[in-house]
Amino acid sequence: MATTNIWQQFKALITEGAQIVATITANNGNGTSQAKLRDGSVINVKGESVGVGQKAFIQKR
């Protein structure tokens, strides 16, 4: 049975926990960047295409 609730339909399109919003704090010069999460923790991520101070979606794998 298909749901008619638009919010439920939208949520079904997105895998929960698949993406995180982070602020890039440094491009490390080796193909990785440092990113600060909304909870204040800092992680290293692949890629340097997002500039320092900009927000990015981080894909969990």
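Helix 1 lies largely in the open, because the number of buried residues among its eight is zero. Keep in mind as you look at it that this is a predicted model. Helix 1 covers residues 6-13, and confidence in the protein is lowest there, with a mean pLDDT of 77.

Let's look at the start of this helix. There, a side-chain oxygen of Asn5 comes to within 2.9 Å of the backbone nitrogen of Trp7. Trp7 itself is found in helix 1. Is Trp7 buried or exposed? Trp7 counts as exposed because its relative accessible area is 51%, and the cut-off for that word is over 50%. Trp7 also has partners at the surface: together with Phe10 and Leu13, Trp7 makes a nonpolar patch of about 390 Å². A general point about helices helps here. An α-helix has 3.6 residues a turn, so residues three or four places apart point the same way. Try finding Trp7, Phe10 and Leu13, the makers of that patch, in the structure above.

Now step back to the whole chain. The protein has one helix and four strands, and reading from the N terminus the order is α-β-β-β-β. Of the 61 residues in the protein, 16% are buried. The protein exposes about 5000 Å², and carbon and sulfur atoms supply 54% of that area. When we take contacts between residues at least 6 apart in sequence, 38% of them join residues at least 24 apart.

How does the confidence look overall? The average pLDDT of the protein is 86, with 85% of the residues scoring at least 70. Confidence is highest in strand 2, residues 32-37, where the mean is 95.

Strand 2 is a good place to end our walk, since you can meet Ser33 there. Why is Ser33 called buried? Ser33 is buried because its relative accessible area is 2%, and buried means under 20%. Next, see what surrounds Ser33. Setting aside neighbours within four places in sequence, Ser33 is in contact with several residues, including Ile24, Ala26, Ile43, Val45 and Glu48. Asn27 and Gly47 are also among these contacts, and both of them turn up again when we follow the side chain of Ser33. That side chain makes a polar contact of 2.8 Å with the side chain of Asn27. The side chain of Ser33 also reaches the backbone oxygen of Gly47, at 2.6 Å.

Put the two residues side by side in your mind: Trp7 in helix 1 is exposed, whereas Ser33 in strand 2 is buried.

Notes:
Residues are numbered from 1 along each chain as its sequence is written. This is a predicted model: local features need pLDDT of at least 70, side-chain atom pairs count only at pLDDT 80 or more; totals for chains, interfaces and linings use all residues. Side-chain values use heavy atoms; hydrogens and water are left out. pLDDT is the predictor's confidence in each residue, from 0 to 100. Buried means under 20% relative accessible area, exposed over 50%, partly exposed in between (1.4 Å probe, protein chains only). Contact means heavy atoms within 4.5 Å. Accessible areas come from the Shrake-Rupley method with a 1.4 Å probe; for residues, only the protein chains shown count as cover. Patches are made of residues with over 30% relative accessible area and no salt bridge: like charges are joined within 9 Å, nonpolar side chains (Val, Leu, Ile, Met, Phe, Trp, Tyr) within 5 Å. A salt bridge is a side-chain nitrogen of Lys or Arg within 4 Å of a carboxyl oxygen of Asp or Glu. A polar contact is a pair of N or O atoms within 3.5 Å; within protein, one must be able to donate a hydrogen and the other to accept it, and residues adjacent in sequence count only if both atoms are side-chain atoms.
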